[in-house]
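User: I should like to go through this structure and ask, for each description used, what justifies it. Please set the values against the definitions where that helps.

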There are 2 protein chains.
Amino acid sequence: MRATLDLAAVEAMDAADPLRAMRDRFILPEGVIYLDGNSLGAAAPAVFNELQKAATQEWAQDLIRAWNTAGWFDMPVALGDQLGRLIGAAAGQTVVCDTTSINIYKVLHAALAMRPDRTVIVAEGDSFPTDLYMAEGVASTRPGTVLRLEGVDAPTIEELIDERVAVILVNHVNYKSGQLRDMAALTRKAHEAGALIVWDLCHTAGALPVELDAANADFAIGCTYKYLNGGPGAPAFIYAATRHHDHVHQPLSGWWGHARPFAFEQGFAAGSGIRRFLCGTQPVLSMRALKGALDIWDQVDMAAVRKKSIALTELFIQLVEARCGAYGLELESPRDGNARGSQVSFLHPHGYQVMRALIERGVIGDFRAPSTIRFGFTPLYVGYRDVWQAVEVLEDILRTGAWQEARFAVKTAVT
Amino acid sequence: MRATLDLAAVEAMDAADPLRAMRDRFILPEGVIYLDGNSLGAAAPAVFNELQKAATQEWAQDLIRAWNTAGWFDMPVALGDQLGRLIGAAAGQTVVCDTTSINIYKVLHAALAMRPDRTVIVAEGDSFPTDLYMAEGVASTRPGTVLRLEGVDAPTIEELIDERVAVILVNHVNYKSGQLRDMAALTRKAHEAGALIVWDLCHTAGALPVELDAANADFAIGCTYKYLNGGPGAPAFIYAATRHHDHVHQPLSGWWGHARPFAFEQGFAAGSGIRRFLCGTQPVLSMRALKGALDIWDQVDMAAVRKKSIALTELFIQLVEARCGAYGLELESPRDGNARGSQVSFLHPHGYQVMRALIERGVIGDFRAPSTIRFGFTPLYVGYRDVWQAVEVLEDILRTGAWQEARFAVKTAVT
């Protein structure tokens with residue numbers, strides 16, 4: 001830790017930040033330091049513009065014709081390619097559609113069908129739960145399929161991989177701790193055992209460079225409303241390596257995944273390529289908001305994002321430990337920046353109250369039971385001075401015991 | 001047919017129309033007579049207002065807090081109840097989420113699980129195809145399940161119902177012909193055979209009064225972007241009768257369907273009531289557009305809608321047959337208004353070219369292969385004079401042979 005770290009030094013970091021101008025593209029409310037973009041990314045005027053154009057021009061004026069004239073029908077694939085650049089996917093392998101949960105169902109089904117003689121799905125006991133719920137759902141439709149969980153059936157995921165494993169569903173970054181997995185290494189280990197692997201990129205897409213093709217990944221899924229800033233509940237995505245496309249069979253076989261959707265044929269015939277992961281008609285307005293967000297990303301260098309992300313999270317850890325070390329906080333995230341996503345979590349026995357007190361003072365992070373306070377750092381619109389100020393507020397809350405006054409708020413406020 | 005039907009008489013019908021004022025709530029482009037609201041409903045300023053509020057106030061200013069403060073998380077159920085009134089569903093039985101295709105998958109799965117000793121799904125050979133594709137998809141996950149199709153395995157759906165049938169998936173109105181089924185009678189017949197029934201309301205929700213509860217229906221699904229005007233690709237809905245809720249098991253068991261979604265538990269526990277049809281995070285912006293559209297419907301009497309719908313379609317048939325009868329058009333829809341949805345289809349050997357010519361002149365309907373020209377009549381914003389004018393254009397195109405000139409447009413324009 002640099003002993004001389006003061007506000008002037010922090011402001012100098014902002015002045016030297018190559019991504020600094022990106023902040024002006026986003027709307028951040030007065031009096032708020034927003035450290036929850038890892039849950040819901042911030043809004044941008046460019047997004048509103050897309051939304052307004054789609055609603056008031058295309059829909060209102062072109063009506064049904066807009067499906068063709070405005071390219072609505074092709075958006076899932078077009079946005080998929082646009083997003084693909086951020087996750088190391090060459091064109092034609094990514095499609096934007098539906099929700100993360102539903103996309104997990106599709107890829108797990110497809111993977112299991114590709115390994116018909118294997119019965120095991122491996123996942124993480126501390127995964128974001130919907131991954132596990134969807135794996136349960138898939139397993140319920142395929143008798144004999146079992147779930148093996150890291151942290152339950154063995155301490156590490158690597159120990160769970162053997163010749164009975166059909167597919168591994170794993171988070172690139174853990175939603176709670178921010179622990180980052182080595183994608184290339186775990187993918188290699190899966191393949192050595194003959195298993196397929198599905199990467200959940202919810203906490204890495206837009207947070208750091210992802211290299212799906214280079215890692216030889218099989219499948220990936222993720223959401224677009226966190227670091228990608230696509231808007232609340234924005235449609236999710238699926239990646240499938242080209243080598244698998246012809247072998248994909250998934251039962252959510254709706255008309256958008258048909259080879260000839262407008263021929264209105266009686267029987268299903270899967271479309272070619274990544275399209276066969278499509279199912280039904282997609283929410284155009286939410287898709288267009290996402291387009292506005294991805295257009296901003298077109299101008300962003302992911303290596304610069306990662307560099308700033310590590311610097312922001314490192315600064316936060318340094319300042320918290322230097323200034324709040326006496327107040328019972330314990331670092332939950334990896335200390336090594338290279339093993340960490342773009343978030344920092346601390347444990348505190350009264351974490352819920354501490355986070356309530358922070359939010360009341362305009363520092364928005366979030367809480368995960370039983371005692372995690374979690375702070376997300378989104379390099380496009382969070383600066384070093386934000387980090388400094390957030391720690392100032394945190395220190396004050398802990399030093400004065402102000403978090404204890406937030407107890408009543410805890411009882412009445414629903415989160 | 002009234003021999004004296006002239007423009008003055010038609011304008012008098014508009015003057016006496018109790019729904020006439022609703023038209024002002026919608027945006028209809030200059031020079032267009034829009035008879036395709038059965039495919040994509042028209043836009044409304046009230047919808048734009050909701051969308052703008054959700055984006056620029058709630059998302060941009062409240063950020064993550066809006067999930068609670070703006071009621072985003074509860075929207076699927078709240079909008080479901082709001083929509084429920086239009087389809088004869090008491091509160092707590094309807095939820096807005098995902099797509100029609102995905103919702104078909106959920107309800108078919110649930111229904112099959114409720115009839116474990118039965119193996120047959122009955123559907124219509126001339127159904128909108130995604131219903132069949134999804135039935136295929138469900139059947140593919142349940143070995144031994146077979147599909148029986150009306151028009152393929154027997155001439156009528158009634159003849160296909162026996163004690164091996166688990167569930168019947170049937171369209172309330174056929175998307176092509178506009179034929180309307182008797183919901184109460186077919187539901188009774190299904191129940192007499194011990195089968196469950198799923199009603200596809202894509203072409204009746206918002207088009208005519210639907211009485212799911214009164215008909216003792218089991219399940220229903222449908223979209224909200226046609227007669228309901230929810231916007232392009234707006235989220236779909238599911239209805240399930242309360243008596244079935246505790247027996248519903250469906251494999252798209254994501255975190256939004258969990259009994260305690262924010263407890264982040266490892267295992268899935270289905271939520272209570274209609275919530276167990278929820279899966280993943282919903283597209284908030286598209287949901288809010290739908291809210292704006294449903295708010296308009298709050299002020300609409302469905303009996304008045306039906307009365308006007310029959311009058312509009314009857315007028316259209318009368319005028320077309322009187323003025324265009326010599327040009328090879330054949331009525332495909334039922335002649336009896338009580339057996340017809342809110343659309344009229346005619347067959348014409350060069351239907352595609354005729355429809356292209358109509359669209360070029362601002363009369364927007366659509367075409368379904370091989371020879372159907374289809375016109376939807378949405379009583380909230382289509383008037384009797386629109387019908388008169390549409391027929392004038394149609395007559396001119398047929399009389400002059402102008403549709404033949406549209407052949408080149410057919411070759412270059414992709415639909």
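Analyst: The answers below concern a predicted model, and they take the interface, the sheets, the helix packing and some local backbone features in turn.

User: What makes the region between chain A and chain B an interface, and how many residues does each chain give?

Analyst: The criterion for contact is heavy atoms within 4.5 Å. The contact takes 76 residues from chain A and 76 residues from chain B. In terms of area, chain A and chain B bury about 6,300 Å² between them, with 71% of it on carbon and sulfur atoms.

User: How do you know how many salt bridges lie between chain A and chain B?

Analyst: A salt bridge needs a side-chain nitrogen of Lys or Arg within 4 Å of a carboxyl oxygen of Asp or Glu. The count between chain A and chain B is zero. Polar contacts are counted by another criterion, a pair of N or O atoms within 3.5 Å, and here the count between the chains is 22 residue pairs, both residues being at pLDDT 80 or more.

User: Which elements of chain A give two or more residues to the side that touches chain B, and which gives the most?

Analyst: Those elements are α2 (45-62), α3 (66-69), α5 (100-114), α6 (129-140) and α8 (284-297) of chain A. The most comes from α6(A), with nine residues. By residue class, the side of chain A that touches chain B divides into 42 nonpolar, 27 polar and seven charged.

User: Why are β2 and β4 of chain B called edge strands?

Analyst: The open sheet of chain B has seven strands in the order β2-β8-β7-β6-β5-β3-β4, with mixed pairing. Two strands pair if DSSP finds at least two bridges between them. β2 (94-96) and β4 (146-150) of chain B each have a single partner strand, so one side of each is left without a neighbour in the sheet. From one strand to the next, the twist averages 20 degrees.

User: What makes β5 and β6 of chain B a strand pair?

Analyst: At least two bridges are required, and five bridges join β5 (residues 165-171) to β6 (residues 196-200) of chain B. The pair is therefore within the definition; the two strands run parallel. Within it, L169(B) stands opposite V198(B) in β6(B).

User: Which helices pack on this sheet of chain B?

Analyst: Helix α5 (residues 100-114) of chain B is one of them, touching β3 (120-124), β5, β6, β7 (219-222) and β8 (237-240). Its direction makes about 165 degrees with that of β7(B). Helix α7 (residues 183-192) of chain B touches β5 and β6, and its direction makes about 155 degrees with that of β6(B).

User: What is the strand order in the sheet of chain A, and what joins β3 to β5 there?

Analyst: In chain A, seven strands form an open sheet in the order β2-β8-β7-β6-β5-β3-β4, and the pairing is mixed. Three bridges join β3 (residues 120-124) to β5 (residues 165-171) of chain A, which run parallel. Against the requirement of at least two bridges, these strands therefore count as a pair. V122(A) stands opposite I168(A) in β5(A).

User: How do you know that α1 and α12 of chain B pack on one another?

Analyst: Two packed helices are described by the angle between their axes and the distance between the axes. For α1 (residues 7-15) and α12 (residues 384-400) of chain B, the angle is about 145 degrees and the axes are 7 Å apart. L7(B), V10(B), E11(B), M13(B) and D14(B) in α1(B) meet Y384(B), R385(B) and W388(B) in α12(B). The residues of this contact divide into five nonpolar, no polar and three charged.

User: Why is the bond from A369 to P370 called cis in chain A and in chain B?

Analyst: The value in question is omega. For the bond from A369(A) to P370(A), omega is near 0 degrees; for the bond from A369(B) to P370(B), omega is near 5 degrees. P370(A) lies in the loop between β12 (366-368) and β13 (372-376) of chain A, and P370(B) is in the loop between β12 (366-368) and β13 (372-376) of chain B.

User: What makes the backbone of L63(B) worth listing?

Analyst: L63(B) has a positive phi of about 50 degrees although it is not a glycine. Its place is the loop between α2 (45-62) and α3 (66-69) of chain B.

User: What makes the pair E159(B) and T156(B) a polar contact?

Analyst: The side chains of E159(B) and T156(B) make this contact at 2.7 Å, against a limit of 3.5 Å. E159(B) lies in the loop between β4 and β5 of chain B.

How values were computed: Residues are numbered from 1 along each chain as its sequence is written. Chains are lettered from A and ligands numbered from 1 in the order in which they are written. This is a predicted model: local features need pLDDT of at least 70, side-chain atom pairs count only at pLDDT 80 or more; totals for chains, interfaces and linings use all residues. Side-chain values use heavy atoms; hydrogens and water are left out. Axes are lines fitted to C-alpha atoms, for helices over the stretch in contact, and angles run from 0 to 180 degrees between N-to-C directions. Helices (H or I, at least four residues) and strands (E, at least two) are DSSP runs, numbered from the N terminus. Ala, Val, Leu, Ile, Met, Phe, Trp, Tyr, Cys and Pro count as nonpolar, Asp, Glu, Lys and Arg as charged, and the others, Gly among them, as polar. Buried area is the accessible area (1.4 Å probe) that two parts lose on being put together, summed over both. A polar contact is a pair of N or O atoms within 3.5 Å; within protein, one must be able to donate a hydrogen and the other to accept it, and residues adjacent in sequence count only if both atoms are side-chain atoms.
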